[in-house]
Amino acid sequence: MIKADIVIIGAGISGLSTAYNLAKNGVKNIVVIDELFITSGSTGRCGAGVRQQWGTKLNCILAKKSIEFFMTANEVLGYKKDIEFKQEGYLILSTSKEEDEVFKKNVAVQNSIGIPSKLLSVEEALKVVPHLNPKAFTSASFCKTDGHVNPFLMSEAYYKAAKNLGVDFYFYEKVLEIKVNNNRIEEVITDKRVFETNKVVNAAGGFAKEIGDMVGVEIPVFSENHEILVTEPTTNIQGPMVMSFSKNIYCQQVPHGSFLIGRSNPDALPNHDISSSWQFLDEMAKTVCDILPKVGKLRVIRTWGGSYNNSPDHQPIISDIEGLPGFYIACGYSGHGFMFAPITGEILTQMILNKPLEDYTKELHINRFNNKEITDFEKSVV
Amino acid sequence: MNKKDIIICRCEDVTLEDVHNCLKDGYTTFEELKRILRVGMGPCQGQTCSILVQREIAKFLGKKIEDVKTHKTRPLITGVVLEDIAGNDND
């Protein structure tokens, strides 16, 4: 039996950021458990983009605060390598008048909190990414401070910083049961041992629902497979991430030189499938050749899949639970957990330490779904 | 020969020294080493380095080589041009 002040389930980016922030704020005896190892789930399978161009104010705030952290992450965390933060922007393409209108509204929301995004004409967009097919879109929005971070190295940076602050990690260990007695958490039981604790953070990513089920908390999320491909590396030809919601594509050249290109599958079923399909490759290749013909000349070397953990409004759930003190959740990021990780760790730490929280964080609470009428819904997702 | 001069992963230019440092750092499976060092992530997708890395892990852990897992394989078997997949030859 190991005594822990808090047990974090999941060593993906959310769990790692939370562990680090808790430790930095003086919490002792922090345990992180993962079924495999750091970044073995969705974090290590993500598209590595970090953006602030969202449709909801809540997502904009979370994104902006996280970008601010990425800017100084190497120094703050004392990371000897480099998280590969590249700030060359996101160029989001619109393909219809209706979408133009949505982008206008989005940019207004983004600008209202200080995100430096702007609307571009086709001609202006071509100056940013000259190899775009001008016939494939009608206008664009661009934010120069969006970009890329290496998910593996960002996770390692948090991991090493947390470890230095005394956080204990238990890898290749699966949580089987969480023992609750009189609405109080008592134990986390894994396939290897028992942890005695009163506090648990559910940062289990694609498996967050299953962890909720262990304590009888129904979390309204589901996982679905999103596929992605990587090309061979080439010379630096594309600064910004190019993205289109209506064409269903995101495409970024990472500092290493390869392109990461992904899309969602409208027919994906709610499950834990992360396999690769030929249909994805076929559709993806067609979209790339339509929008970015030059990128179509590159060779694909691998495809893979990872789980989006979707919430009903495509905004994260960062929350405690009424009736079960000591149980905290960070899930439902709907594909954007990596880029929101810095602020996730900060909010959860404030929540766990009963420190005052900023007003906007109320909207992250799981109780928002008790209201059948969802007020704000993030549509700007691939 | 100096460990710095022995290339384990030719695609991603990873040396034996890199692999040993990573093992000492506590990453002891191919999948973990891959994420930190990029071994096996290049155009050959581990066809060259997988057995070399497997051997180094086995040596480090004092295990039999057959008890050490190699990397997860995914499509494609070889690099294919996106345009060829799309059939974008203006036909």
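**Strands, core and chain contact in a predicted model**

In strand S7 of chain A, Ser139(A) is the bridge partner of Ser94(A). This pair is a handy place to enter the structure, which is a predicted model. The bridge belongs to a longer pairing: S5(A) and S7 (residues 139–143) run antiparallel to each other over 5 bridges. S5(A) also pairs with strand S15 (residues 241–244) of chain A, this time in the parallel sense and over 3 bridges. Here Tyr90(A) has Met241(A) as its bridge partner in S15(A).

Strand S5 itself, residues 90–94 of chain A, is mostly covered, with 5 of its 5 residues buried. In a regular strand, side chains alternate between the two faces of the sheet. In S5(A), Tyr90(A), Ile92(A) and Ser94(A) point one way, while Leu91(A) and Leu93(A) point the other way, and all of them are buried.

Leu91(A) leads on to the interior of the model. The largest nonpolar core holds 133 residues, and Leu91(A) is among those that touch the most other members, together with Val7(A), Ile8(A), Ile9(A), Ala19(A), Cys251(A) and Val288(A). Helix H2 (residues 57–77) of chain A gives the most to this core, with 9 residues. Both domain 1 (2–45 + 152–221 + 313–369) and domain 2 (86–145 + 225–307) of chain A contribute residues, so the core lies between them. As a general rule, nonpolar side chains in soluble globular proteins tend to be buried together.

Val7(A) can be followed further. Apart from its neighbours within four places in sequence, Val7(A) is in contact with Val31(A), Ile33(A), Val188(A), Phe195(A), Thr197(A) and Val200(A). Two of these contacts, Val188(A) and Phe195(A), are bridge partners, with Phe195(A) in S12(A). The strands concerned, S11 (residues 184–190) and S12 (residues 194–196) of chain A, pair in the antiparallel sense over 3 bridges. An open sheet of 4 strands, with mixed pairing, contains them in the order S1-S12-S11-S10 (chain A). Strands S1 (2–3) and S10 (175–181) of chain A stand at the edges with a single partner strand each, so one side of each is left without a neighbour in the sheet.

Finally, chain A meets chain B: 23 residues of chain A are in contact with 16 residues of chain B. On the chain A side, helix H5 (151–164), helix H7 (278–291) and strand S18 (299–310) each supply at least two residues. By class, this side has 11 nonpolar, 5 polar and 7 charged residues. Strand pairing also links the chains, as S18(A) and strand S3 (residues 80–81) of chain B pair in the antiparallel sense over 2 bridges. Within S3(B), Val81(B) stands opposite Arg299(A).

Notes
Residues are numbered from 1 along each chain as its sequence is written. Chains are lettered from A and ligands numbered from 1 in the order in which they are written. This is a predicted model: local features need pLDDT of at least 70, side-chain atom pairs count only at pLDDT 80 or more; totals for chains, interfaces and linings use all residues. A nonpolar core is a set of buried Ala, Val, Leu, Ile, Met, Phe, Trp, Tyr and Cys residues joined through C-beta atoms within 7 Å. A residue is buried if 20 or more other C-beta atoms lie within 10 Å of its own, exposed if 12 or fewer, and partly exposed in between; C-beta atoms are placed from the backbone. Domain bounds come from an automatic or database domain assignment. Two residues are in contact if their C-beta atoms, placed from the backbone, lie within 7 Å. Two strands pair if DSSP finds at least two bridges between them. Ala, Val, Leu, Ile, Met, Phe, Trp, Tyr, Cys and Pro count as nonpolar, Asp, Glu, Lys and Arg as charged, and the others, Gly among them, as polar.
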